[in-house]
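Visitor: I would like a close look at a single part of this model, taken slowly and with the contacts spelled out. Could you walk me through one helix packing and the charged side chains around it?

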Amino acid sequence: MSNTGFFLSFEGIDGAGKSSHLDALAAALRQAGHTVTLTREPGGTPLAEQLRHLLLHHAMDAHTEALLAFAARRNHVCQVIAPALARGEVVISDRFSDATFAYQGAGRGFDLETLSILERIAQTDIGLEADLLLEPHLTLWFDLAPDVAAQRLVGTRVPDRFEAQPAEFFRRVAQGYADRAAAAPQRFARIDAAQERAAVWQQVMAVFAQRG
C-alpha cells in the first residue's frame with residue numbers, strides 16, 4: 001500500500017445507509033486539511049462505469065459477474081486510486097474488493113479461492129509497492145439486518161438486479177461481510193447501522209478518534 005496516502009472503504013449490504021455518510025466524511029476530512037478523492041465501485045472511471053451498468057442491469061452468471069467486477073476494479077485502481085494515493089491523498093471508496101467476496105462469493109456461491117486469485121491479479125503491480133496487494137487501510141462496515149435494510153429500500157427507487165434479490169441472498173451477503181471482518185479485524189471497524197443517522201455518524205467519527 002502507499003506510504004503517503006490513506007485508503008478508506010465503506011462496505012455493507014444494500015440499504016445499510018453507508019452512502020449517506022460518504023459526502024459528510026469527505027467534507028470533514030477536507031476541513032481538516034486533507035485532499036480527498038471520493039469514488040465508488042463498481043465504477044470510478046468511464047470504463048468502469050460502463051461495466052457497472054452491465055453488472056447492475058444485465059443478467060449473467062456469478063463467474064461473469066466476478067470477472068467484470070475485477071476488470072472494473074483493475075481500471076479503477078490504475079486510473080484513480082493508485083495515483084491519488086501516490087499523491088498523498090485520502091481515497092474514500094464506496095465499496096471495494098470486500099463487496100465482491102460478499103456478493104459474488106457468499107451471495108452467489110462463487111469459489112472464494114478463485115476470487116482471491118482474481119483479487120491478486122487486479123490489485124498488484126499498480127505502481128505503488130511491487131508485489132503488494134492493494135487493500136484499504138481501514139474499512140467501515142455498516143452492519144444491518146437484511147430485513148431492516150430491505151424495509152429501508154422499499155419505494156426509494158427501482159431496484160437493480162442485486163437489490164431485487166430475495167432475503168436469503170442478502171443474509172448470505174451479510175454473513176460474507178461478517179466473515180471478512182473476522183478475518184481482518186485490524187482493518188475492519190463495525191458500524192451499527194440500525195441506529196439513527198446521527199448516532200451512526202457519531203460512530204464513524206469515533207472510529208477516527210480511536211485510531212488516530
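Guide: In this predicted model, the axes of α4 and α5 come within 11 Å of each other and cross at roughly 150°. Since angles over 145 degrees count as roughly antiparallel, that crossing makes α4 roughly antiparallel to α5. The crossing in which α4 passes α5 is right-handed. On the α4 side the contact is made by Ser97, Thr100, Phe101, Gln104 and Gly105, and on the α5 side by Leu112, Leu115, Ser116 and Glu119. Sorted by class, the contact of α4 with α5 holds three nonpolar, five polar and one charged residues.

One of the α4 residues in that contact, Gln104, leads on to the charged side chains. Gln104 lies in helix α4, which spans residues 97-107, and it counts as buried because its relative accessibility is 5%, with the limit for buried set at under 20%. Apart from neighbours within four places in sequence, Gln104 is in contact with Ala62, Glu65, Ala66, Ala99, Gly109, Phe110, Leu115 and Phe162. Among these partners, Leu115 also belongs to the α5 side of the helix contact, while Glu65 is placed in helix α3.

Glu65 itself deserves a careful look. Its relative accessibility is 0%, and therefore Glu65 counts as buried. When neighbours within four places in sequence are left aside, the residues in contact with Glu65 are Leu55, Met60, Gln104, Arg108, Arg161 and Phe162. Of these, Phe162 stands 97 residues from Glu65 in sequence, and the two C-alpha atoms are 11 Å apart in space. Phe162 is also listed among the contacts of Gln104, and the contact between Gln104 and Glu65 appears in the list for Glu65 as well.

Two of the contacts of Glu65 are arginines with which it forms salt bridges, and as a general matter, side chains of opposite charge can pair when their charged atoms come close. With Arg108, the side chain of Glu65 meets in a salt bridge at 2.9 Å, N to O. This pair links distant parts of the chain, 43 residues apart, with Glu65 in helix α3 (residues 62-86) and Arg108 in the loop between α4 and α5 (112-122). Arg108 is partly exposed, because its relative accessible area is 25%, whereas Glu65 at 0% is buried.

With Arg161, the side chain of Glu65 likewise meets in a salt bridge, again at 2.9 Å, N to O. Here too the pair links distant parts of the chain, with Arg161 in the loop between α6 (146-153) and α7 (167-183) and Glu65 in helix α3, 96 residues apart. In this pair both Arg161 and Glu65 are buried.

These two pairs belong to a wider set, for the structure holds 13 salt bridges. Glu119, named above on the α5 side of the helix contact, is linked with Asp98, Arg180 and Arg187 in a network of salt bridges. A further salt bridge joins Glu89 to Arg87, where the closest N and O atoms are 2.8 Å apart. Within that pair, Glu89 counts as buried because its relative accessibility is 10%, while Arg87, with a relative accessible area of 55%, is exposed.

Conventions. Residues numbered from 1 in each chain as written. Predicted model: local features only at pLDDT ≥ 70, side-chain atom pairs only at ≥ 80, totals over all residues. Heavy atoms only, no water. Helix = DSSP H or I, 4+ residues; strand = E, 2+ residues; numbered from the N terminus. Buried < 20%, exposed > 50% of the residue type's maximum accessible area, 1.4 Å probe, protein only. Contact = heavy atoms within 4.5 Å. Salt bridge = Lys/Arg side-chain N within 4 Å of Asp/Glu carboxyl O. Axes fitted to C-alpha atoms, helices over the stretch in contact; angles between N-to-C directions. Parallel < 35°, antiparallel > 145°, perpendicular 65-115°, else oblique. Left-handed = near helix turned anticlockwise from the far one by under 90°. Nonpolar A, V, L, I, M, F, W, Y, C, P; charged D, E, K, R; others polar.
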